[in-house]
Amino acid sequence: YQAKDIIELFIKAQNTLDDAGMVDLARQCDYSLGTWYRSIDQLDLSITHYRKAIAYFKTSGQLTLVNLSKNRLGLSYWNQQKLDLALSTFLETLDSANHLNQTRLIQILYNNIALVHRDKGDLTQAEKYFFRVFEELNFNTFEESEVEFQAALSKHSKSDSLSRSIGNLALIYMNTGQLSRAEFLLKQRIAFEDRTNDKQSIAQSQTNLASLYMKSNQYDQALPLLNQSLEAFEQLDSKWWLSLTHYNLAITYKDLGLDQMARTHFEKSLEMRSAENNPKGRINSLFELAILNNNNTYLEEAEQLATLHKKNITLSKIAEHRAREAVKEKKYTKAQQHINDAKQFIENKHYHRKQLELAILSAKLYQDTQQHDMAISTLKHVLKTKHLSIARQNLNKALNTLAFSYFKTDQLPLAKQTIEQALTETTQLLQFTSHSKTRQQLSLHLEASLSLYALIATEDNDSINAL
C-alpha cells in the first residue's frame, strides 16, 4: 500500500465509526492519521489530527493516550522546524509521563528532547539528555574497552533500544567534532547488530558511519560502506533507505568532482522518491540535479514542493543559487535581493552552517562593490554565533574573507589577528582529513590564508613574517 491509500482507509473507517457512535475508536483513527500524514510530510494535517485526538483523550480521562499523542505532536512540530514549540511540548509531556510512570515513553521523550537541542545547536544539552536515556536504561559502560562494551550491550535486557540511543549519541559527537568517539560508538553498534544478524540495522548503521566519514571528508572510508549498504538495502527491498544511500553516494561523488557518477545516483534516488510518499527526499534530489544539470524545470518543481511543504532550508538554497547566478552576470543588486530572500527563509531558525555560507556570499558581494565596512559588519554579526562548531569547514573561509576586508580598510592588527585564527582552523581541520582531494582543497585554503598574511605583514612592515 501507498501511504495515501492507507490514509483513505483510515478516513473511511473513521467516518463509519463516527456514524456508529464509536467515538473512542474514531479518535484513535485521528492518532493514526496524524502519524501517516507525518510520514508523507503533510504536517499541518498531521498536527490537526493529533490535536483532535488529544482533546478527546483529555476529556475522556485517557491520560496515557494524551501523552502518546502529545509526543507525536511534538515530532510534527520538530519536522516543521518549530523547535521551541517542539521542545515545550516534549518537556510538558515528560512531566506528565513521569507522573504516570510511563517508563518507555520517558526514554523516548529524553531522546526526542536531545534531538531538538541538537537541531537548535545546543549540543551540550543534547548530550545531557541522551545520557538521561542511558540512565533510564541503567547503562554506563562508555569508557571501557571494546570487549567490555560489547559484553555489557549484549547482556542488556533492552539492547535494541540501547543500540539506537548509542547511534544517536554518536551523531552528537560527530557534530561536536569528537570524531573518534563517534566512530567508536558507531563501530560498536555495527558489531552488536552483526552478532544479532539484524541486516536492516547493520546497513542503517553503516550508512550513519559513512555519513561521519563524509562529514570529515574521508570519502575513501565512506564509499565502501555506502556500497555495502546499497547492496543490503537492495536485497531487503527497503526503498526509503535505498533512495537515501543513492543520494549519499551522489553527494560523495559530487564532492569528489565525479559529476557523471553523481548524476547517475541522484537520478536513481529521484526515481524512488515520490512527491506523495517522500516529498522531502524528492525535493533534495530535484535540487541537486537542477544545480548539476542546470535544469530549471527541476528547480521549479523543487521550489513548488518546498513551498508546499514549508521546507525553508531548500527555499533558502534556491535563492542562494539564484544569487550566485546573478553575481556571475554582475547583477549585484539582484544578487543582494536573492541573498536577502535566502536569509529571510532561515531567519530565527537554527541553520548555523547555512547562515554562515550566506554571510560569506553577502560579504564577498560587498567586497566586489568596494563596500568593505558592510562586509565586515555582515561577517562579525554571524561569527558571534556560539554554535559555529557545526559549521567549522566554512569558518576558515569566513575568517579569510573578514581578514581581507580589514586589510582593505587599513585595520592591519585586526587583519593579522583574524588571518592567524583562519590558519589555526585550517591546520586543525587538516589533521582530521585523510582523503587526498579534500586535503588538496584545504591546502588551497591554507595557501590563500598564507598569501593574505604575507600581504598584511608586508603592509605592516613586518618583513620577517611576510617572508
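Which polar contact joins the side chain of Ser449 to another side chain? The partner is Asn400, at 2.7 Å; a polar contact is a pair of N or O atoms within 3.5 Å, one able to donate a hydrogen and the other to accept it, and residues adjacent in sequence count only if both atoms are side-chain atoms.

This is a predicted model, in which local features need pLDDT of at least 70 and side-chain atom pairs count only at pLDDT 80 or more, while totals for chains, interfaces and linings use all residues. Residues are numbered from 1 along each chain as its sequence is written, and side-chain values use heavy atoms, with hydrogens and water left out.

Two residues are set out below. Buried means under 20% relative accessible area, exposed over 50%, and partly exposed in between (1.4 Å probe, protein chains only). Helices are DSSP runs (H or I) of at least four residues, numbered from the N terminus.

| Residue | Place | Relative accessibility |
|---|---|---|
| Ser449 | helix 23 (residues 436–459) | 0%, buried |
| Asn140 | loop between helix 7 (123–136) and helix 8 (146–155) | 66%, exposed |

Leaving aside neighbours within four places in sequence, Ser449 is in contact (heavy atoms within 4.5 Å) with Asn400, Ile419, Ala422 and Leu423. Asn140 lies 42 Å from Lys268, C-alpha to C-alpha, with their positions 128 residues apart in sequence.

Helix 2 (residues 23–39) packs against helix 3 (residues 43–59) at about 155°, and their axes are 8 Å apart. The two helices are therefore roughly antiparallel, a term for angles over 145 degrees.

Note on methods
Axes are lines fitted to C-alpha atoms, for helices over the stretch in contact, and angles run from 0 to 180 degrees between N-to-C directions. Angles under 35 degrees count as roughly parallel, over 145 as roughly antiparallel, 65 to 115 as roughly perpendicular and the rest as oblique.
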